[in-house]
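Got the viewer open and a selection box ready? Let's take a walk through the model, one stop at a time.

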Amino acid sequence: MEATLSQQRGDATLEQRIDKMHSRDRAGLVVFVAVLWCTMLFALFSVWSYISIPAIRIILSIACGLVLAFNTAAIFAMLRHYVEDKHFIYGLDIKHLDEMRRRRG
C-alpha cells in the first residue's frame with residue numbers, strides 16, 4: 001500500500017516536471033518565432049531602399065515570406081508533436097538527467 005502511494009507521488013512529480021519542461025520549451029519556441037519574424041522583416045526593410053529593380057524586390061519579398069511561413073509552420077508542427085509525445089520525449093530526458101545527477105554526487 002505504501003509503495004503504491006510513493007509511486008503515485010513519483011508519477012505526479014514526474015508529470016509536473018514534464019509539464020514544466022514542456023512549457024519552458026514552448027515559451028522558448030514562441031520567442032524564437034517572434035525574433036525570427038522581427039529579424040527577417042528588419043533585414044528586408046533595411047535593404048529595401050538599396051534595391052532599385054522591382055523584380056528583385058518581388059523575389060526578395062516572396063523568399064522572405066516563404067522562409068517565415070515554412071519556419072513558423074515547422075515550429076508549430078513540432079510543438080504539436082511535442083504535446084502528443086511529451087511523456088516519451090521529456091520522460092526520457094528526465095530519466096537521463098536524474099541518472100547524471102546520481103552519478104555526480
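Select R103 and E99: a salt bridge joins them, with the closest N and O atoms 3.3 Å apart. (A salt bridge here is a side-chain nitrogen of Lys or Arg within 4 Å of a carboxyl oxygen of Asp or Glu.) Both residues lie in helix α2, four residues apart, about one turn of the helix. Helices are DSSP runs of H or I with at least four residues, strands are runs of E with at least two, and both are numbered from the N terminus. Switch on the surface and R103 counts as exposed at 70% relative accessibility, while E99 is partly exposed at 31%. For these labels, buried means under 20% relative accessible area, exposed means over 50%, and partly exposed is in between, using a 1.4 Å probe and protein chains only.

A word on what you're looking at: this is a predicted model, where local features need pLDDT of at least 70, side-chain atom pairs count only at pLDDT 80 or more, and totals for chains, interfaces and linings use all residues. Residues are numbered from 1 along each chain as its sequence is written, and side-chain values use heavy atoms, with hydrogens and water left out.

**Next stop: D98 and its partners**

Now add D98, R101 and R17 to the selection. The side chains of R101 and D98 meet in a salt bridge at 3.3 Å, N to O. Like the previous pair, they sit in helix α2; R101 and D98 are three residues apart, about one turn of the helix. R101 is exposed, with a relative accessible area of 52%.

Then look across from D98 to R17, where another salt bridge has its closest N and O atoms 2.8 Å apart. That pair links distant parts of the chain: R17 belongs to helix α1 (residues 2–48) and D98 to helix α2, 81 residues apart. R17 is partly exposed, at 28% relative accessible area. A search of the whole structure finds five salt bridges. As background, side chains of opposite charge can pair when their charged atoms come close.

**Zoom out**

Hide the side chains and color by secondary structure. How many helices and strands does the protein chain have? There are two helices and zero strands. The C-alpha atoms fill a box of roughly 75 × 30 × 15 Å, taken along the principal axes. The chain has a radius of gyration of 22 Å, whereas a compact globule of 105 residues would be near 13 Å. (That radius is taken over C-alpha atoms, and the globule rule is 2.2 Å times the number of residues to the power 0.38.)

Of the 105 residues, 18% count as buried. Among contacts with a separation of 6 or more, 76% are between residues 24 or more positions apart; contact means heavy atoms within 4.5 Å.

**Slide along helix α2 to Y90**

Is Y90 buried or exposed? Y90 is buried, with a relative accessible area of just 1%, and its place is in helix α2. Select everything it touches, leaving aside neighbours within four places in sequence, and you get I18, M21, H22, D25 and Y82. Try a C-alpha to C-alpha distance from Y90 to H22: they are 68 residues apart in sequence and 7.5 Å apart in space.

**On to T72**

T72 is also in helix α2, which covers residues 54–104. T72 counts as buried at 14% relative accessibility. Leaving aside neighbours within four places in sequence, T72 is in contact with V33 and W37. Show side chains here, and you'll find a polar contact between those of T72 and W37 at 2.8 Å. (A polar contact is a pair of N or O atoms within 3.5 Å; within protein, one must be able to donate a hydrogen and the other to accept it, and residues adjacent in sequence count only if both atoms are side-chain atoms.) For contrast, draw a line from T72 to T13: 59 residues apart along the chain, their C-alpha atoms are separated by 32 Å.

**Last stop: the cysteines**

Select C38 and C64. Why is there no disulfide bond for C38? Its closest cysteine sulfur, in C64, is 12 Å away, too far for a bond. A disulfide is a pair of cysteine sulfur atoms within 2.5 Å, and the structure holds zero of them. The surroundings can be checked too: C38 counts as exposed at 54% relative accessibility, whereas C64 counts as buried at 6%.
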